[in-house]
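This briefing introduces a structure to a reader who has not met it before. Please look over the sequence and the model shown below, and then turn to the points that follow.

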Amino acid sequence: MNDIYFILALTLKSIPAVFLASLGEIITEQGGILNLGLEGIMLVSALAGFVLTYYTHSLIIGFTGAMIVGSSMSLIHAFFSIHLSANQVLSGLAITILGEGLSSFLGRPFIGLQTISLPCFTELEHYSFGIILKELNWIVVASFILLFIVNFILYHTPLGLNLKAIGEDPKVSNAAGLNVFKYRYIATIIGGALTGLGGSYLSLAYTPGWKEGISGGQGWIAIAMVIFSGLKPFRAFVGAFLFGSFMALQFYFQAIGKEIVPVYILKMLPFILPLIILILIKNKYKSELNFPKSLGLPYLKE
């Protein structure tokens with residue numbers, strides 16, 4: 001039973017980065033903007049969060065700064081995609097390349113350094129589920145809270161319905177009096193902030209410290225989760241949970257010191273999941289996906 005608790009604890013701890021990025025992209029795509037720059041945004045935000053925390057010794061400043069950096073990176077994408085009507089796929093890929101280059105170049109002096117990291121709820125470990133509780137932290141809890149908040153806003157408020165209407169048909173929405181540019185900018189910036197929070201989680205909580213490529217492709221996995229979700233937050237969480245469970249199994253087998261499964265197979269597990277998801281979508285669930293008709297298409301205001 002303790003082994004099950006341990007795996008579940010590691011699973012929950014592995015969820016936030018990829019889930020927060022997925023949640024941010026869901027908000028962005030509901031407004032009709034496709035952002036493939038998640039990997040780059042996560043990397044730069046992870047570096048920003050670590051550096052700010054290293055110099056200020058404040059996790060609040062670190063996480064806040066990372067969200068601001070994530071928002072700024074997304075703002076660049078929003079400007080090119082919304083105002084300049086640039087190809088959103090190319091713009092997103094450029095953001096990823098920019099983020100990978102910047103984080104690698106600027107992060108070199110910080111490789112191997114340590115700073116304060118987000119503490120877990122160790123004071124609760126004496127409870128019956130102590131093995132699980134002591135691996136949790138406030139970002140894990142915040143991820144659950146944001147899941148319900150974002151789902152409620154998108155599906156049960158005028159703000160969410162307006163955003164979805166803009167993503168579906170911006171021309172009709174503009175004729176109805178909605179400011180298409182405003183909604184799309186806000187959605188993209190909020191999406192970037194959540195992605196930035198996910199990136200900083202990696203360097204300040206999940207594996208405290210800085211190293212090149214710390215995201216390990218989780219930005220791309222988040223995009224696969226968004227496709228799997230059909231822009232539904234709860235389905236994205238299911239995908240993130242499956243990804244987290246594969247990550248947990250990898251660490252569990254390494255921790256017990258038994259090579260039940262070859263190490264290289266374990267390292268592949270978390271990245272096999274997106275391939276399986278995309279195959280399932282193509283063959284079985286494609287009809288259930290309901291992406292906005294204007295997703296990825298420029299809108300020229302008349």
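Helix 4 (59-83) and helix 5 (88-106) each contribute at least two residues to a nonpolar patch on the surface. The model is a predicted one. The points below take up that patch, a buried residue of helix 10, the aromatic pairs and helix 11.

**The nonpolar surface patch**
- The patch has an area of about 710 Å² and is formed by I76, F79, F80, L84, L98, L102, F105 and L106.
- Helix 5 makes the greatest contribution to the nonpolar patch, supplying four residues.
- L102 is situated in helix 5 and is one of the residues that make up the patch.
- The relative accessible area of L102 is 33%, so this residue is classed as partly exposed, a class that lies between the buried limit of under 20% and the exposed limit of over 50%.

**A buried position in helix 10**
- T195 belongs to helix 10, which covers residues 180-206.
- The relative accessibility of T195 is 1%, and the residue therefore counts as buried.
- Leaving aside residues up to four places away in sequence, T195 touches L20, A21, L38, I41 and M42.

**Aromatic pairs**
- The count of aromatic pairs comes to 11.
- The ring centres of Y201 and Y206 are 6.3 Å apart and the ring planes meet at 20°, so this pair is stacked; planes under 30 degrees apart count as stacked.
- Both members of the stacked pair are buried: Y201 has a relative accessibility of 0%, and Y206 has a relative accessible area of 14%.
- A cluster is formed by F50, Y54, Y55 and F110, which are linked through ring pairs.

**Helix 11**
- Helix 11 runs over residues 218-229 and has 12 residues, which at 1.5 Å a residue should span 16 Å.
- The C-alpha atoms at the ends of helix 11 are 16 Å apart, which agrees with the expected span.
- Helix 11 is mostly covered, with 10 of its 12 residues buried.
- The buried residues of helix 11 are Q218, G219, I221, A222, I223, A224, M225, V226, F228 and S229.
- Directly after helix 11, G230 adopts a positive phi of about 65°.

Notes: Residues numbered from 1 in each chain as written. Predicted model: local features only at pLDDT ≥ 70, side-chain atom pairs only at ≥ 80, totals over all residues. Heavy atoms only, no water. Buried < 20%, exposed > 50% of the residue type's maximum accessible area, 1.4 Å probe, protein only. Contact = heavy atoms within 4.5 Å. Patch = residues over 30% accessible without salt bridge, like charges linked within 9 Å, V, L, I, M, F, W, Y side chains within 5 Å. Areas by Shrake-Rupley, 256 points an atom, 1.4 Å probe, with all protein chains shown as cover. Salt bridge = Lys/Arg side-chain N within 4 Å of Asp/Glu carboxyl O. Phe/Tyr/Trp six-rings, centres within 6.5 Å; stacked < 30°, edge-to-face > 60°. Expected span 1.5 Å × (residues − 1).
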